[in-house]
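Please open the model in your viewer and keep both a cartoon and a stick representation at hand. The stops below say what to select next and what is to be found there.

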Amino acid sequence: MLTRLAGGHVIDPVHGQDGIADLWMRDGRIVAAPDGGDADVTHDLGGKVVMAGAIDIHSHIAGANVNTARLLLPHWHPAAADRPDATWLTRAGWSTDVIGRLYAAMGYTTVVEPAVAPHHALHAHLELADTPIIDTAILSILGNDDFLLGLLRDGESGSAIADYAAWTLSATRGLGIKVINAGGAMAFKSNLRAFSLDDVVPDYGVTSRQIVAALQKAADALGVPHPVHVHCNNLGMAGNVETALATISGFDGLPIHLAHVQFYAYGTEGGRGFSSAAPRLAEAVNRAKTVTVDVGQVMFGQTTTISSDVLRQFNARDRARPRKWVIYDGDSNGGGMVPYEYRRSDFFNAVQWAAGLELFLLIDDPSRVFFTTDHPNGAPFTSYPDLMALLMSRDLRAEWMATLPAEALAVTTLASISREYTLTEIATMTRAAPARLLGLSDRGHLGAGARADIAVYDLGNHRDRAGAFRHAALVFKDGELVVRDGAVVSTPPGRALSLAPEPDAAIGRRLQAYYESRYGLSDALLRVPEWAVGRSQSFEVVSCGR
Amino acid sequence: MTRDESVVAAWIDGRPVTRKDAAREAARLLATARQPVIAGLGADIAGVRAVLDLAGRVGAAVDHMHADALLRDVDVMREAGMMVTTPSEARLRADVLLLAGHSLAEAPDMRARRLDPACPAKRIVWLCPPRKLDPGLVPLHSVGRDTGELPALLAVLRARLNGHPVATAARTIKAIDAMVTELKSARFGVAVWSAGELDALAIEMLCTLVGDLNAGTRFTGLPLPPGDNGRGVLEACGWLSGYPMRTGFGRGYPEHDPWRFDASRLAGSRESDCAVWISAYGAEAPAWTRDLPTIALTTPGARFRTPPRVQVEVGTPGIDHDAVQFVPASGTLMPITAARPSEAESVASVIADILAALPESSSC
């Protein structure tokens, strides 16, 4: 079937397109305009904006920790209000079904769950298979696991570490490697309560920096398209910009991704010893051309924090709102689920909000700063439309700032920033750049051959950009109409994107023996067989090699 | 044996029927029921997915045979929070075990030596241990006999840990103080309990005690799971509906209410007029005594008080067919390949047949 999207304002930074044009699609792909012949279906998109489906590189939507948070906060489920209608599951709070629908309604078609402990990989993939419409992927966590730290302690070669990383990615069907407060979870088990870049993991004698370096090299050696995805040490602490700056300078010239850097953009100035250091951090990112970051913007309201940084979550437990929390000492990383409410009236929360926006606005290159709230840690992903509107309007930011404590804004530079994102910059940050960062060549653009994942927005009313981004006019997934006027009209299953590196046979034998002796279990503990995932989930292999 | 309609063991009112006829009759019963309940729910993850699809279609309530125990832990978590670890970390890292309740001596985790106190060496502190113990399980310190004493003993333990005076027998205080010293000296201590034995108050007190101990050292908890894939069913209900079991779909959306959607109460009070009973792991039969029209999916050998209207035998997940289920040894969902593959039906396939046989209009 040939479909024509007629007369929309097409924005495709990959092909330098920003103007009225027709798009054609057939069999789930975008095709070149045919020579003559009529479309079977034509959608008149006059006055509307057309972009590729959006890609979220960092959103905690599935897995054991996310599910614990669901069970921890049954009363929070109504927070997923404004749901698309249809089946009973859409009333089910943050269920897998609701997550897929809410993302699709905003024009998102690919989402990465960025923190899956290998021993919970099957659990995460089961949830993703139950998440409709959107394509998904996981990042596999390494860096607090006994096997890797043992390799480093014993001075084994970089190729042994790369083999192990390849084996883990292959077994868990990951799209990349994540490292979270490297060594910190292990240190916490030995009763350390703080852990920084050059601190040593007890019993293993390796530093956090050495662990990150080893995994950065491994990802590079394997040709994993996505650079190692790093959650730095000292998240959330006053003065922690020094940790982020040290990490950037320590890996200068190497491809590396730093996650939710807003949570590391804090100085110690001002009467309360807490200030935004976002300008310094943005300047460092601007200089370090191989570094990419995502923001982890804070928005106001009730949320819950879900993190595999168990040490940080333990330290944050007394600030839980409401006052309850789960701390999980896992086989490697574990996690912490700590509910939290960001309040406009709270000095610290207001500084966090402003620091995130400063990062968005002071980092020059929209292809190196990614659009995230670290869902749900900074805010639920349902707040994305409001955040897009804030980036695009200085006046709207001023309206928000007028409601915040002046004392907080005084330790930020936000009021002095006049930049407004263009739609092309939004499309770069949420489409073109994420596809490139993840190695997904047929996504994030609208050229012939691309997957027909397309979002259409009615942005005619500038006073309600957020509404337009929240309820896409039309969304196509693989060419199928899935959303009309913000309502989900079809729920095809998504697929999971993963790498499939060929691991070395020797490391496989070694790990089989390791799992038998350490856990008394086979390596089925981290394997994700296709039959086990079930439903109609299919896997799409993304090739290694940059 | 070939896959033949005639070999599937299915009955309507005790008469052998084809699996298709059984599914058709089950669908008829469910479509005409006013408040169906799906209970037992001893099923693998594929089975739970199918059950929630069915519950959504016919507006059923969903419960699990071990929900009392499962929800005791969930309630403590969602009211107060908790710290937990994995069985592997408890075995490999713990140097002190705080055991609460006498049933732990017989727990599979103990018997399978997954919590081997000898390797690596662990010191045992036991509240309410059984009278007789294997030599390897003898605690360094113990106090109490009956599980009913646990809340009070835990309160005393917590008070002494936090330096508060308590008014109780000097002998008890002495024993408790020795325990406190032991617990505080742990490098990585693990408190172990089974919600099948402890009440919610005791579990909450124990979890709060674990939190207190972290002021100085590392301590965490290990709730031992009930059987019949209870934890796996809890997890799957969580991601599919947002809630644990004891959730009803009668209004067209999930509502979680541990009292309202308790299958035994629904059956006993006559609020429910049709039950689906699932026991693929152990051929359990429902405990309720009321004669409720029932569609039973169990392994062979289940003994019912009154014969089910529709009965279909199913295989055991992980034995007769490949399955994903919660594995207590790892504390995770794992893929289990069939130990002795057979032609026996899975819960998921029988429910799929029922779903296919439902009239279109029963969608809600």
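What follows is a tour of a predicted model, taken stop by stop.

**Stop 1: the interface of chain B and chain A**

Begin by selecting the residues of each chain that touch the other: 53 residues of chain B are in contact with 49 residues of chain A. In chain B, the residues that lose the most area to chain A are B:Arg49, B:Arg218 and B:Trp239, which together account for 16% of what that side buries. The area buried between the two chains comes to about 4,500 Å², and carbon and sulfur atoms give 59% of it.

Next, look at the polar side of the interface, where the count between chain B and chain A is four salt bridges. For one salt bridge between the chains, select B:Asp53 and A:Arg535, whose side chains meet with an N to O distance of 3.3 Å. Across the interface there are also 22 residue pairs in polar contact, both residues being at pLDDT 80 or more. If you colour chain B by element, those that give two or more residues to the side touching chain A include helix H2 (45-58), helix H3 (67-80), strand E10 (218-224) and helix H9 (230-241) of chain B. The largest share, six residues, comes from H9(B). By residue class, this side of chain B divides into 25 nonpolar, 17 polar and eleven charged residues.

**Stop 2: strands that pair between the chains**

Now select strand E18 (residues 326-329) of chain A together with E5(B), which pair in the parallel sense over four bridges. Within this pairing, A:Ile327 stands opposite B:Met83 in E5(B).

**Stop 3: strand E1 of chain A and its partners**

Move to strand E1 (residues 2-12) of chain A, a mostly covered strand in which eight of the eleven residues are buried. Which strand is joined to E1(A) by nine bridges? The partner is strand E2 (residues 17-26) of chain A, and the two run antiparallel. A:Ile11 has A:Asp18 as its bridge partner in E2(A). The two strands form a hairpin with four residues between them, and A:Gly16 in the turn has a positive phi of about 60°.

E1(A) also pairs in the parallel sense with strand E4 (residues 41-44) of chain A, over four bridges, and here A:Leu5 stands opposite A:His43. Strand E5 (residues 49-52) of chain A likewise runs parallel to E1(A), joined by two bridges, with A:Val10 opposite A:Val50.

**Stop 4: an enclosed helix in chain A**

Select helix H2 (residues 96-105) of chain A and show its surroundings. Ten of its ten residues are buried, so the helix is largely enclosed by the rest of the structure. Among the buried residues are A:Asp97, A:Arg101 and A:Tyr103. H2(A) is followed by A:Gly107, whose phi is positive, near 85°.

**Stop 5: salt bridges around A:Arg443**

The structure holds 54 salt bridges over all chains, and a useful place to look at them is A:Arg443. Is this arginine buried or exposed? A:Arg443 is buried, because its relative accessible area of 4% is under 20%. A:Arg443 forms a salt bridge with A:Asp442, the closest N and O atoms being 3.7 Å apart, and A:Asp442 counts as buried too, at 16% relative accessibility. A second salt bridge joins A:Arg443 to A:Asp453, with the closest N and O atoms 3.9 Å apart. Both A:Arg443 and A:Asp453 lie in the loop between helix H15 (423-438) and strand E21 (454-457) of chain A, ten residues apart. A:Asp453 is buried, with a relative accessible area of 4%.

**Stop 6: two glutamates of chain B**

Turn to B:Glu255, whose side chain meets that of B:Arg251 in a salt bridge of 3.1 Å, N to O. B:Glu255 counts as buried at 14% relative accessibility, whereas B:Arg251 counts as exposed at 56%. From here you can return to chain A and select the network joined by salt bridges that share partners, which includes A:Arg29, A:Asp135, A:Arg443, A:Lys477 and A:Glu540.

Finish at B:Glu182, in helix H7 (residues 170-184) of chain B, a buried residue with a relative accessible area of 13%. A polar contact of 2.3 Å joins its side chain to that of B:Arg123. Leaving aside residues up to four places away in sequence, B:Glu182 touches B:Val96, B:Arg123, B:Val125, B:Leu140 and B:His141.

Note on methods. Residues are numbered from 1 along each chain as its sequence is written. Chains are lettered from A and ligands numbered from 1 in the order in which they are written. This is a predicted model: local features need pLDDT of at least 70, side-chain atom pairs count only at pLDDT 80 or more; totals for chains, interfaces and linings use all residues. Side-chain values use heavy atoms; hydrogens and water are left out. Contact means heavy atoms within 4.5 Å. Buried area is the accessible area (1.4 Å probe) that two parts lose on being put together, summed over both. A polar contact is a pair of N or O atoms within 3.5 Å; within protein, one must be able to donate a hydrogen and the other to accept it, and residues adjacent in sequence count only if both atoms are side-chain atoms. Ala, Val, Leu, Ile, Met, Phe, Trp, Tyr, Cys and Pro count as nonpolar, Asp, Glu, Lys and Arg as charged, and the others, Gly among them, as polar. Two strands pair if DSSP finds at least two bridges between them. Buried means under 20% relative accessible area, exposed over 50%, partly exposed in between (1.4 Å probe, protein chains only).
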